[in-house]
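Please open the model in your viewer and keep the selection tool at hand. The stops below go from one selection to the next, and each one says what can be found there.

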Amino acid sequence: MDTLNPPRHDFRSSALRTLEARGYLHQCTNPEGLDAAFAAGVVPVYIGFDATADSLHVGHLLPIMTLRRLQRLGHKPIVLMGGGTTRVGDPSFRATERPLLSDDQIAANIQGIRRVFERFLTFGTGPIDAVMVDNADWLDRLGYIDLLRDVGRHFSVNRMLSFDSVKARLERQDPMSFLEFNYMILQAYDFLELHRRAGCLAQMGGSDQWGNIVNGIDLVRRLEGREVFGLTTPLLTTASGAKMGKTAGGAVWLNADRLSPYDYWQFWRNTEDADVGRFLRLFTDLPLERIAALEGLAGTGINQAKEVLADAATTLAHGADAAQAANATARQAFAGAAAQGLPEVTLTEDEGRDGAVIVDLLVRGGLATSKGEARRLIAGGGVRVEGEAVSDLDARLTVGTAPLRLSAGRKRHVLVRRL
């Protein structure tokens, strides 16, 4: 176990000890009860994912890795696809209603998402093999009056309005449709069905799902007289405060047809220095002792740890061959850039901490004569960072120890460095 970070709880089960040591554990409804369940035998655990796109992205990786970790420790992952709830859309902490998708779009998205999970989990029919289920299998057959009578009567509207995800939306006077308001009832019903069908004892999710998870636990207790559990992973941001998984080019997708393995590798290679150890614990299978050694590397040695992180994370998502190829390509590209004697732009101390506006860097680097021209270059798809297209006119660039190549078109480049 991680002796450098003493545990806050005296857990008996290897499952909760590992989740805590590696940084996955944020909230738990009854830590002692869940710990006893994990220690007693195989625990079926589920996480739900709505099929709003045909791939998941790095923002989903924390719960995926939590399922992977639990399966490797002898427990059963249940991946719940929201074929039914995607038709409604989770309103949690959103300012606007999600666009409604057709049944064909939802089915295609589920197929794309399954490819993600097949990289991270082992599926099959064994006691700890992962299974993927679709809540449309039971939600589509629900009679509205039956749902209101059998399930709806257990939900207090006063309590539903008190949850932060709903209250924040109402306080901002952002509209919430009655369709969206029902989402938390449907998610609670999912937990009930999975408990009945598969003996599911725990639901996991991000910290924004706490209210929905608690509702499901309460519904199972009321209708089945059984205690089930909920735990959440922490809200993940980078050391500089940026949202994890967002880059100048947009979302960091997990499917290769959405984002190339090379660009995926580069995302992890460009991790901020202060995040390397934490991300190694969360997003790789490396032993904690090895991570502690990598985290302790000083100066430019942290670049070695970043390459290990990029190699390991890319291997999980795309395979060892893709990771090796991405590493080799990056080395060749960097060597070529250095050999070309590219001009350099050095960030100020504030920019090194908070990130630099790419529009400003284009002007300072001589790639644009004005901010207006720089914005037109971005809008036209002509600006790239390490080969990744920039689409956001207000995007900022965060640079780690290694410089990054900023390009306008195919032939004009500058290297962006920190002080």
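A crossing of two helices is called left-handed if the near helix is turned anticlockwise from the far one by less than a right angle, and right-handed if it is turned clockwise. Keep in mind throughout that this is a predicted model.

**First stop: H12 and H15**

Select helix H12, residues 261–269, together with helix H15, residues 302–318, whose axes come within 8 Å of each other and cross at roughly 140°. Because angles over 145 degrees would count as roughly antiparallel and those from 65 to 115 as roughly perpendicular, H12 is oblique to H15. Turn the view until one helix lies in front of the other, and the crossing of H12 and H15 can be seen to be right-handed.

Now show the side chains where the two helices meet: H12 contributes Pro261, Tyr264, Trp265, Trp268 and Arg269, while the H15 side of the contact includes Asn303, Lys306, Glu307, Leu309 and Ala310, and further along Asp311, Ala313, Thr314, Ala317 and His318. Coloured by class, the residues of this contact of H12 with H15 come out as 8 nonpolar, 3 polar and 4 charged.

Stay with H15 and select the whole of this helix, which has 17 residues and reaches 24 Å from its first C-alpha to its last, close to the 24 Å expected at 1.5 Å a residue. Of the 17 residues of H15, 14 are buried, so this helix is largely enclosed by the rest of the structure. Just after H15, select Gly319, which takes a positive phi of about 100°.

**Second stop: H10 and the buried Asp190**

Next, select helix H10, residues 183–198. H10 has 16 residues and spans 22 Å from its first C-alpha to its last, close to the 22 Å expected at 1.5 Å a residue. This helix is mostly covered, with 13 of its 16 residues buried, and H10 is followed by Gly199, whose phi is positive, near 65°.

Within H10, pick out Asp190. Is Asp190 buried or exposed? Its relative accessible area is 2%, and because buried means under 20%, Asp190 counts as buried. Leaving aside residues up to four places away in sequence, Asp190 touches Tyr46, Leu80, Thr85, Asn135, Trp138 and Leu139, which can be selected together to show its surroundings. For a sense of scale, draw a distance from the C-alpha of Asp190 to that of Arg290, 100 residues apart along the chain, and the two atoms are found to be separated by 39 Å.

**Third stop: H10 against H11**

Keep H10 on screen and add helix H11, residues 210–224, which packs against H10 at an angle of about 50°, with the two axes 8 Å apart. That angle makes H10 oblique to H11, and the crossing of H10 and H11 is right-handed.

On the H10 side, the residues that meet H11 include Tyr183, Met184, Gln187, Tyr189, Phe191 and Leu192, and on the H11 side the residues that meet H10 include Asn212, Ile213, Gly216, Leu219, Val220 and Leu223. The residues of the contact of H10 with H11 divide into 11 nonpolar, 5 polar and 2 charged.

Select H11 alone, and its 15 residues can be followed over 21 Å from the first C-alpha to the last, close to the 21 Å expected at 1.5 Å a residue. Among the buried residues of H11 are Gly211, Asn212, Ile213, Val214 and Asn215, and what covers the buried residues of this helix includes H7, H10, strand S5 (202–206) and strand S6 (229–233). After H11 comes Gly225, whose phi is positive, near 65°.

**Last stop: H6 and H7**

Select helix H6, residues 144–150, in which Asp150 is found. At 34% relative accessibility, Asp150 counts as partly exposed, and the C-alpha atoms of Asp150 and Leu223 lie 9.0 Å apart in space although 73 residues separate them in sequence.

Leu147 also lies in helix H6, and it is buried, with a relative accessible area of 12%. Residues up to four places away in sequence not being counted, Leu147 touches Leu142, Gly152 and Leu186.

To finish, select Val157 in helix H7, residues 157–162, where a relative accessibility of 45% makes Val157 partly exposed. The C-alpha of Val157 is separated by 9.9 Å from that of Phe181, 24 residues away along the chain.

Note on methods:
Residues numbered from 1 in each chain as written. Predicted model: local features only at pLDDT ≥ 70, side-chain atom pairs only at ≥ 80, totals over all residues. Heavy atoms only, no water. Axes fitted to C-alpha atoms, helices over the stretch in contact; angles between N-to-C directions. Helix = DSSP H or I, 4+ residues; strand = E, 2+ residues; numbered from the N terminus. Parallel < 35°, antiparallel > 145°, perpendicular 65-115°, else oblique. Contact = heavy atoms within 4.5 Å. Nonpolar A, V, L, I, M, F, W, Y, C, P; charged D, E, K, R; others polar. Buried < 20%, exposed > 50% of the residue type's maximum accessible area, 1.4 Å probe, protein only. Expected span 1.5 Å × (residues − 1).
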